[in-house]
Amino acid sequence: MANRIHITSAIIYSNGPPHVGHAYEMLATDAFARFQRRKLGAANVTFLTGTDEHGDKNKRAADAIGLHPKAFADKISALFRQGWAGLDISYDIFVRTTDPVHEAFVQKMLARTYQSGDIYFKDYEGLYCVGCERFYTEKELLPGNICPVHNRPAEPIKEGNYFLKLEKYREAIRRNIEKNPDFIRPERYRNEALRMLDEPLEDLCISRPKARLDWGIALPFDDKYVTYVWYDALWAYMSELPDTDDASLTAIIPVTEHFIGKDILKTHAVYWPAILLSAGLPLYRHLNVHGFMNFGGARLSKSSGNIEDPVAYQQTVGPDALRFFILREFTYGLDGDFSEERVIDRYNSDLANDLGNLTSRVLSMAARYSQGAIAAAPAGTAAGSGGDPLDVALAETFASVPARVAPLVEELAFNRALEAIWQALDAANKYIVATSPFTLAKDPANLPRVAQILANLVEGLRVVADTLEPFMPVASKKILGLLNVDEKLARAPYGDGIKPGHRVNPTTPLFPRIDKKARI
């Protein structure tokens with residue numbers, strides 16, 4: 001399935017509403033999915049997300065406000081759907097782990113793995129973090145048995161449970177990572193995963209007794225137990241695909257791209273491959289791991305109280321502003337710092353000054369000098385064509401933008417992809433200064449030259465607007481609308497788009513400057 005791709009975000013715990021930390025992952029995943037649809041066609045791309053609704057953490061959150069866990073999950077899952085709609089997240093499938101289809105699929109996989117002999121029962125005593133929903137060994141915890149993710153003590157628990165033979169698959173997982181250097185990316189997380197596999201693994205506890213926790217999917221082979229929430233949630237990546245027979249899963253899993261945060265690396269780099277292999281299924285293509293979004297150097301989290309509602313924030317600063325900031329400011333894989341001041345600075349400099357100002361200048365020129373009509377063909381890229389060297393240089397810059405951006409998106413270098421686009425915008429703004437169309441137009445004899453300058457800029461702006469679509473879908477659509485360009489014309493290579501006789505629309509403000517003093 002070389003021309004097929006399946007993309008997933010993490011299945012998010014439904015113990016609280018969405019915040020900008022969630023938005024980081026979703027916006028990056030969405031940009032990747034939008035890019036792949038352009039490359040492969042929408043029919044060959046699925047983008048899946050959802051909410052993880054079982055387990056201790058969700059039940060305790062529901063109990064705290066006096067709701068049944070399902071009623072609580074219904075409320076929170078709806079908030080995520082609304083939130084992603086507000087951020088223009090273009091997912092195709094939204095899975096809830098309380099969906100009957102998902103629950104039946106998980107039980108099918110449990111039964112298959114149990115029958116193979118990879119699941120067994122034993123008494124166990126260990127240290128359990130409710131926030132992570134998993135057992136830790138003492139060496140994995142901080143002094144005092146403190147969870148390194150949630151900074152709170154792990155709870156000692158002793159009980160009988162069912163276990164998956166994790167150690168059985170350790171070498172197979174290790175060999176796959178070593179054989180495929182980009183299986184886990186960026187490289188720092190590949191190296192971390194390999195360190196996790198250096199020593200024998202404790203087998204994975206995949207159940208919880210109903211006497212302690214009854215909120216989960218019942219084991220098909222022992223109704224006194226429910227499924228471990230991670231075993232349950234990981235199957236959500238596959239459970240509600242249109243086809244889930246073995247042949248379809250064997251085809252789709254190897255073209256699957258998982259996007260997750262670094263705090264759940266072990267569950268996805270160690271547990272999930274073992275779960276797949278124990279069910280007789282292949283492994284995914286890539287595990288794409290991002291860092292944390294911090295606020296003033298501290299990780300954004302519900303417990304710290306330093307979170308922002310991403311939808312409310314976007315409504316305040318405008319469509320695409322949060323999306324642009326995250327993709328332009330953060331290096332995928334590393335932690336990034338979110339602040340109101342930095343968002344506004346990036347908005348005013350890159351969006352208002354560069355993109356917005358260029359669009360306004362070009363469309364204003366078209367309205368002033370040709371009543372919105374384009375009277376020349378854009379300059380070619382061949383230096384020997386006899387064109388003005390400034391025109392040829394600009395044409396080459398814009399013609400190269402899609403090819404420069406594509407490999408950077410494939411590498412998850414979203415910030416560098418946007419930098420490449422902004423280099424073209426910078427070239428266009430410098431071109432206007434160098435060619436001085438506003439000065440030239442004072443003499444009617446220069447209007448043919450002005451028409452050529454305008455044609456070059458309009459065609460370049462078309463290419464930029466189209467290339468921006470995966471990163472800034474709202475702004476892209478607005479600019480293409482101002483250029484009076486439909487989807488088919490938008491995708492044309494540089495030089496094959498806007499022709500003489502085409503008419504553009506009057507300019508409207510795209511990115512009004514934000515008064516930082518009034519906001520902060």
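No disulfide is present in the structure, a disulfide being defined as a pair of cysteine sulfur atoms within 2.5 Å. The model is a predicted one, in which local features require pLDDT of at least 70 and side-chain atom pairs count only at pLDDT 80 or more, whereas totals for chains, interfaces and linings use all residues. Residues are numbered from 1 along each chain as its sequence is written, and side-chain values rest on heavy atoms, with hydrogens and water left out. For C129, the closest cysteine sulfur is that of C147, at 3.6 Å, which is too far for a bond. The same separation of 3.6 Å is found from C147, whose closest cysteine sulfur lies in C129. C129 is buried, at a relative accessible area of 2%, and C147 is likewise buried, at 0%. Here buried denotes under 20% relative accessible area, exposed over 50%, and partly exposed the range in between, computed with a 1.4 Å probe on protein chains only.

Two helix pairs were examined. Packed helices are in general described by the angle between their axes and the distance between the axes. Helices (H or I, at least four residues) and strands (E, at least two) are DSSP runs numbered from the N terminus. Axes are lines fitted to C-alpha atoms, for helices over the stretch in contact, and angles run from 0 to 180 degrees between N-to-C directions. Angles under 35 degrees count as roughly parallel, over 145 as roughly antiparallel, 65 to 115 as roughly perpendicular, and the rest as oblique.

Helix α16 (residues 447-467) packs on helix α17 (residues 473-482) at an angle of about 150 degrees, and their axes are 8 Å apart. The two helices, α16 and α17, are therefore roughly antiparallel. Their crossing is left-handed; a crossing is given this term if the near helix is turned anticlockwise from the far one by less than a right angle, and is right-handed if clockwise. From α16, residues L461, R462, A465 and D466 meet S476, I479 and L480 of α17, contact meaning heavy atoms within 4.5 Å. By class, this contact of α16 with α17 comprises 4 nonpolar, 1 polar and 2 charged residues. In this classification, Ala, Val, Leu, Ile, Met, Phe, Trp, Tyr, Cys and Pro count as nonpolar, Asp, Glu, Lys and Arg as charged, and the others, Gly among them, as polar.

In the second pair, helix α11 (residues 321-329) and helix α14 (residues 414-435) pack at about 105 degrees, with axes 6 Å apart. α11 and α14 are therefore roughly perpendicular to each other. On the α11 side the contact is made by F324, L327 and R328, and on the α14 side by F414, N415, L418, E419 and W422. By class, the contact of α11 with α14 has 5 nonpolar, 1 polar and 2 charged residues.

Individual positions within helices were also considered. H102 lies in helix α4 (residues 100-115) and is buried, at 0% relative accessibility. With neighbours within four places in sequence left aside, H102 is in contact with V95, R96, T97, I217, D232, W235, A236, S239 and E240. R34, in helix α1 (residues 20-40), is buried at a relative accessible area of 13%. When residues up to four places away in sequence are not counted, R34 touches D88, S90, R323, E469, P470 and P473.

D88, one of the residues touched by R34, is found in the loop between α3 (69-86) and β4 (93-96). D88 is partly exposed, at 28% relative accessible area, and has a positive phi of about 60 degrees although it is not a glycine. A positive phi of about 60 degrees is also found at N145, likewise not a glycine. N145 belongs to the loop between β6 (134-136) and β7 (155-164) and is partly exposed, at 26%. The peptide bond from R185 to P186 is cis, with omega near 0 degrees; P186 is located in the loop between β8 (184-185) and α6 (187-196). In general, most residues other than glycine have a negative phi, and most peptide bonds are trans.

Two further pairs are separated along the chain. Q82, in helix α3, is exposed, at 53% relative accessibility. The C-alpha atoms of Q82 and P18 are 9.5 Å apart, with these positions 64 residues apart in chain separation. A312 is in helix α10 (residues 310-317) and is partly exposed, at 32%. A312 and L87 are 225 residues apart in sequence, and their C-alpha atoms are 9.9 Å apart in space.
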